[in-house]
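Work through the exercises below with the model open beside you, and try each task before reading its solution.

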Amino acid sequence: MNHTPGPWIFDEATGDVGTEDGVLIHGNPPDDDDRDEELAANAHLIAAAPELLAACEAVLDGVSLDVYRIAAADMGRMEPAEHAFDLLRAAIAKASPQAP
């Protein structure tokens with residue numbers, strides 16, 4: 001199963017995240033005043049998830065690790081380059097449904 005297509009929108013009034021068509025992605029618990037800022041921050045992150053996933057996939061599709069390694073080596077930053085690609089792959093894998 002795939003995730004609900006984006007964009008996802010954060011509703012400032014309710015704290016919910018949903019689609020333009022009204023599909024609820026995430027509902028904020030009511031009356032949790034002690035955590036309002038934290039819950040709003042979480043909702044904004046959730047709303048950005050489809051775009052973040054697409055950006056990660058675009059980077060991996062558009063930039064080969066070899067090309068990135070050459071540029072990183074020229075700047076003396078090889079380890080961070082490889083680590084960045086590892087992080088991208090891990091984030092994409094975490095967002096992708098696993099086969100049973």
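The bend at a residue is the angle between two axes, one fitted to the seven residues ending there and the other to the seven starting there. The structure is a predicted model, and the exercises use that notion of a bend when they come to helix α1.

**Exercise 1. Describe the overall make-up of the chain.**

Step 1: Begin with the elements, of which the chain has three helices and three strands, arranged along the sequence in the pattern β-β-β-α-α-α.

Step 2: Turn next to burial, where 19% of the 100 residues of the chain count as buried.

Step 3: Consider the surface, since the chain exposes about 7300 Å², with carbon and sulfur atoms supplying 57% of that area.

Step 4: Finish with the contacts between residues at least 6 apart in sequence, of which 40% join residues at least 24 apart.

**Exercise 2. Examine helix α1, asking where it bends and which of its residues are buried.**

Step 1: Locate the bend, which amounts to about 50 degrees at Ala-49 and is followed within four residues by a proline, Pro-50.

Step 2: Compare the end-to-end distance with expectation: because each residue should contribute 1.5 Å, the 27 residues of α1 should span 39 Å, and the end C-alpha atoms, 38 Å apart, agree with this.

Step 3: List the buried residues of α1, which are Leu-39, Ala-43, Ala-47, Pro-50, Leu-53 and Cys-56; Pro-50 therefore appears both in this list and just after the bend, as a buried residue with under 20% relative accessible area.

**Exercise 3. Find the nonpolar surface patch and place Val-63.**

Step 1: Identify the members, since Val-59, Val-63 and Val-67 together make a nonpolar surface patch of about 200 Å².

Step 2: Place Val-63 in the loop between α1 (36–62) and α2 (65–75).

Step 3: Check the exposure of Val-63, which has a relative accessible area of 30% and so counts as partly exposed.

**Exercise 4. Determine which residues form the salt bridge, and where they lie.**

Step 1: Search the whole structure, which yields one salt bridge.

Step 2: Name the partners, Asp-86 and Arg-89, whose closest N and O atoms are 3.3 Å apart, a distance within the 4 Å cut-off.

Step 3: Place both residues in helix α3 (residues 78–95), where they are three residues apart, or about one turn of the helix.

Step 4: Judge their exposure: Asp-86, at 47% relative accessibility, is partly exposed, and Arg-89, with a relative accessible area of 39%, is partly exposed too.

How values were computed. Residues are numbered from 1 along each chain as its sequence is written. This is a predicted model: local features need pLDDT of at least 70, side-chain atom pairs count only at pLDDT 80 or more; totals for chains, interfaces and linings use all residues. Side-chain values use heavy atoms; hydrogens and water are left out. A salt bridge is a side-chain nitrogen of Lys or Arg within 4 Å of a carboxyl oxygen of Asp or Glu. Helices (H or I, at least four residues) and strands (E, at least two) are DSSP runs, numbered from the N terminus. Buried means under 20% relative accessible area, exposed over 50%, partly exposed in between (1.4 Å probe, protein chains only). Patches are made of residues with over 30% relative accessible area and no salt bridge: like charges are joined within 9 Å, nonpolar side chains (Val, Leu, Ile, Met, Phe, Trp, Tyr) within 5 Å. Accessible areas come from the Shrake-Rupley method with a 1.4 Å probe; for residues, only the protein chains shown count as cover. The expected span of a helix is 1.5 Å times one less than its number of residues. Contact means heavy atoms within 4.5 Å.
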